[in-house]
Amino acid sequence: MTSEPPEDAGPAALRARVREVVAAHQGSHREFADRIGLDASKLSKSLSGVRRFTPVELTRIAELGQVTVNWLINGQDDAETVAAAPRRAARPPERSGGDRYQQILDAAWELIAERGYHSVRVADIAEACGVSAAAIHYHFPGRDDLLTEALRHSVRQAFDRQVAELHSIDDAHRRLLRLVELQLPGSPELRREWSIWLQVWNESALRPELRGLHGDSYTRWHDTIARTIRQGQRQGVFTGGDAEELAVRLTALIDGLGIGVLTGRPERSVPRMRQVLHDFIRRDVVGDRGDRASHPRRGDHGW
């Protein structure tokens, strides 16, 4: 399956959709720019086409506007693109009090990631948001709702990040290496994202009712890897073979190495994780069985 851009994709269409998000924002142009961490003049230049939006800016615009990066770039939440779209809730559900819902979700996500699901009380989330416990229960009737929505939030964040970063990279080898880089738990935000996944894995192992959501979410990640490998095979930059099997092995390797980093195992670090993954890609995906290591140029991948 190819990832040809939809007809309504392109810089002009992207700018038009960002203008829609800015116009719908309850605040001034300058306030919107401030909330995405951008100078107002730079926002104006980007909207006029003088400068391009960076991947980070696109993810912030999507989050603030409660849309997906895929919609901003391609005009559809589920457009065929460089990353597989989430099977459920690609865009946050529209609710009354949408800003309050997002505020509560953001607070719950951070508290669960930092303290652990079973250590977070509704009262803690209410205190962090400055609202009553009743307001939390209105949006999240049960404790399980907090964890499942935290996972969906993580999946949306990862999807937006991948689409924003990868949509302009045509070479599948470079794209796969960048995809791996986006998954490394090297920043506080990505460590929190990994923490959510670790807790969902644990809860899903003990509680079968959570496995459907976990399965859908993990399938999205697997499919993103597999489609990138298949594209590389079509381009002739990857060796032949079963793309699904290679994706299984690569995702399992990422999971195991990430757990080692998160749990502080000796000699487990983000640089070591990166090198092991690059070596696997070089040997098993690219098919280079020589002794030379894979060291992409820093400028090629934005590291």
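**Exercise 1. The start and cover of H10**

Task: Find which backbone nitrogen a side-chain oxygen of Asp 171 reaches at the start of H10, then work out how far H10 spans and how much of H10 is covered.

Solution:
- Step 1. At the start of H10, the backbone nitrogen of His 173 has a side-chain oxygen of Asp 171 within 3.2 Å. A polar contact is a pair of N or O atoms within 3.5 Å; within protein, one must be able to donate a hydrogen and the other to accept it, and residues adjacent in sequence count only if both atoms are side-chain atoms.
- Step 2. A quick word on what you're looking at: this is a predicted model, where local features need pLDDT of at least 70 and side-chain atom pairs count only at pLDDT 80 or more, while totals for chains, interfaces and linings use all residues. Residues are numbered from 1 along each chain as its sequence is written, and side-chain values use heavy atoms, with hydrogens and water left out.
- Step 3. H10 runs over residues 172-183, twelve residues in total, and its first and last C-alpha atoms are 16 Å apart, close to the 16 Å expected at 1.5 Å a residue. Helices (H or I, at least four residues) are DSSP runs, numbered from the N terminus, and the expected span is 1.5 Å times one less than the number of residues.
- Step 4. Ten of the twelve residues in H10 are buried, including Ala 172, Arg 175, Leu 179 and Gln 183. Buried means under 20% relative accessible area, exposed over 50%, and partly exposed in between (1.4 Å probe, protein chains only).

**Exercise 2. The surroundings of Arg 192**

Task: Place Arg 192 in its helix and list what Arg 192 touches, leaving out residues up to four places away in sequence.

Solution:
- Step 1. Look in helix H11 (residues 188-206); that's where Arg 192 sits.
- Step 2. Its relative accessible area is 21%, so Arg 192 is partly exposed.
- Step 3. With those sequence neighbours left out, Arg 192 touches Trp 109, Glu 110, Ala 113 and Glu 114; contact means heavy atoms within 4.5 Å.
- Step 4. Now try Leu 111: it is 81 residues from Arg 192 along the chain, yet their C-alpha atoms are separated by 9.4 Å.

**Exercise 3. Salt bridges between helices**

Task: Which residues do Glu 244 and Asp 284 pair with in salt bridges?

Solution:
- Step 1. Get the rule straight: a salt bridge is a side-chain nitrogen of Lys or Arg within 4 Å of a carboxyl oxygen of Asp or Glu. By this rule there are 15 salt bridges.
- Step 2. Glu 244 pairs with Arg 230, with the closest N and O atoms 3.0 Å apart. Glu 244 is in H13 (residues 243-262) and Arg 230 in H12 (residues 211-235), so this pair ties together parts 14 residues apart in sequence.
- Step 3. Both ends are partly exposed: Glu 244 at 34% relative accessibility and Arg 230 at 28%.
- Step 4. Asp 284 pairs with Arg 249, the closest N and O atoms being 2.6 Å apart. Because Asp 284 lies in H14 (residues 270-286) and Arg 249 in H13, parts 35 residues apart in sequence are tied together.
- Step 5. Asp 284 is buried at 14%, whereas Arg 249 is partly exposed at 36%.

**Exercise 4. A salt bridge within H14**

Task: How are Arg 282 and Asp 279 placed in helix H14?

Solution:
- Step 1. Their side chains meet in a salt bridge, 3.7 Å from N to O.
- Step 2. Arg 282 and Asp 279 are three residues apart in H14, so about one helical turn separates them.
- Step 3. Both count as buried, Arg 282 at 9% relative accessibility and Asp 279 at 17%.

Conventions:
Helices (H or I, at least four residues) and strands (E, at least two) are DSSP runs, numbered from the N terminus.
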